[in-house]
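This report covers side-chain pairs, the strand arrangement and the nonpolar core of one protein model. The structure is shown first.

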Amino acid sequence: MNDLSSINVLSELERIAVKFVWSTQDEVKVPCPFHPDNSPSCHINIRSKEFYCQTAGCNKGGDFVS
């Protein structure tokens, strides 16, 4: 398992120029990197550093580093 404690999700998204929108207090939405995505469908929890895509047929998920 990866040690994610030193990773700041928002800083990393800004560093790689991925635009995000806030979904909840703890989550941001980004375009899913696993399929063409015109509307952000990939949610990243900035506290647990886990992601999941809500698009039917994709449903990818894991930790931010993976």
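Glu 12 and Arg 15 are both in helix α1, three residues apart, which is about one turn of the helix. This is a predicted model. The side chains of Glu 12 and Arg 15 form a salt bridge with an N to O distance of 2.9 Å. Glu 12 is partly exposed at 26% relative accessibility, while Arg 15 is exposed at 61%.

The structure holds two salt bridges. The other joins the side chains of Arg 47 and Asp 26, at 2.7 Å from N to O. This pair links distant parts of the chain: Arg 47 lies in the loop between β3 and β4, Asp 26 in the loop between β1 and β2, and 21 residues separate them in sequence. Arg 47 is exposed, with a relative accessible area of 57%. Asp 26 is partly exposed, with a relative accessible area of 25%.

The next topic is the sheet. Strands of a sheet pair through backbone hydrogen bonds, either parallel or antiparallel. Here five strands form an open sheet in the order β1-β2-β3-β4-β5, with antiparallel pairing. β1 (21–22) and β5 (61–63) are at the edges with a single partner strand each, so one side of each has no neighbour in the sheet.

β3 pairs with β2 in the antiparallel sense over four bridges, and β3 also pairs with β4 in the antiparallel sense over four bridges. On the β2 side, Glu 27 has Asn 45 of β3 as its bridge partner. On the β4 side, Cys 42 has Cys 53 as its bridge partner, and Ile 44 stands opposite Phe 51.

In a regular strand the side chains alternate between the two faces of the sheet. Both faces of β3 are covered: Cys 42 and Ile 44 on one side are buried, as are His 43 and Asn 45 on the other.

β3 and β4 form a hairpin with four residues between them, and Lys 49 in the turn has a positive phi of about 65°. Is Lys 49 buried or exposed? At 12% relative accessibility, Lys 49 counts as buried, because the cut-off for buried is under 20%. Apart from neighbours within four places in sequence, Lys 49 is in contact with Leu 4, Ser 5, Ile 7, Val 9, Gly 62, Asp 63 and Phe 64.

In soluble globular proteins, nonpolar side chains tend to be buried together. The largest nonpolar core in this model has ten residues: Val 9, Leu 13, Val 28, Val 30, Cys 32, Cys 42, Ile 44, Phe 51, Cys 53 and Cys 58. The elements giving two or more residues to this core are α1 (9–15), β2, β3 and β4.

Two cysteines of the core can be described further. Cys 42, in strand β3, is buried with a relative accessible area of 3%. Leaving aside neighbours within four places in sequence, the contacts of Cys 42 include Val 28, Val 30, Cys 32, Phe 51 and Cys 53. The C-alpha atoms of Cys 42 and Gly 61 are 8.7 Å apart, with their positions 19 residues apart along the chain. Cys 58 touches Cys 32, Phe 34, His 35 and Cys 53, not counting residues up to four places away in sequence.

A pair of aromatic rings is described by the distance of the centres and the angle of the planes. The count comes to two aromatic pairs, tabulated here.

| Pair | Centre to centre | Angle between planes | Type |
|---|---|---|---|
| Phe 20 and Trp 22 | 6.3 Å | 90° | edge-to-face |
| Phe 34 and Phe 51 | 6.1 Å | 20° | stacked |

Phe 34 lies in the loop between β2 (27–30) and β3 (42–45) and Phe 51 in strand β4 (residues 50–53), so this pair ties together parts that are 17 residues apart in sequence. Phe 34 is partly exposed at 44% relative accessibility, whereas Phe 51 is buried at 13%. Lys 60 lies over the face of Phe 34, at 5.8 Å from the ring centre.

In the edge-to-face pair, Phe 20 is partly exposed at 23% relative accessibility. Trp 22 is also partly exposed, at 47%.

Conventions. Residues numbered from 1 in each chain as written. Predicted model: local features only at pLDDT ≥ 70, side-chain atom pairs only at ≥ 80, totals over all residues. Heavy atoms only, no water. Phe/Tyr/Trp six-rings, centres within 6.5 Å; stacked < 30°, edge-to-face > 60°. Buried < 20%, exposed > 50% of the residue type's maximum accessible area, 1.4 Å probe, protein only. Lys NZ or Arg CZ within 6 Å of the ring centre and 35° of its normal. Contact = heavy atoms within 4.5 Å. Pairing = 2+ DSSP bridges. Core = buried A, V, L, I, M, F, W, Y, C linked by side-chain atoms within 4.5 Å. Salt bridge = Lys/Arg side-chain N within 4 Å of Asp/Glu carboxyl O.
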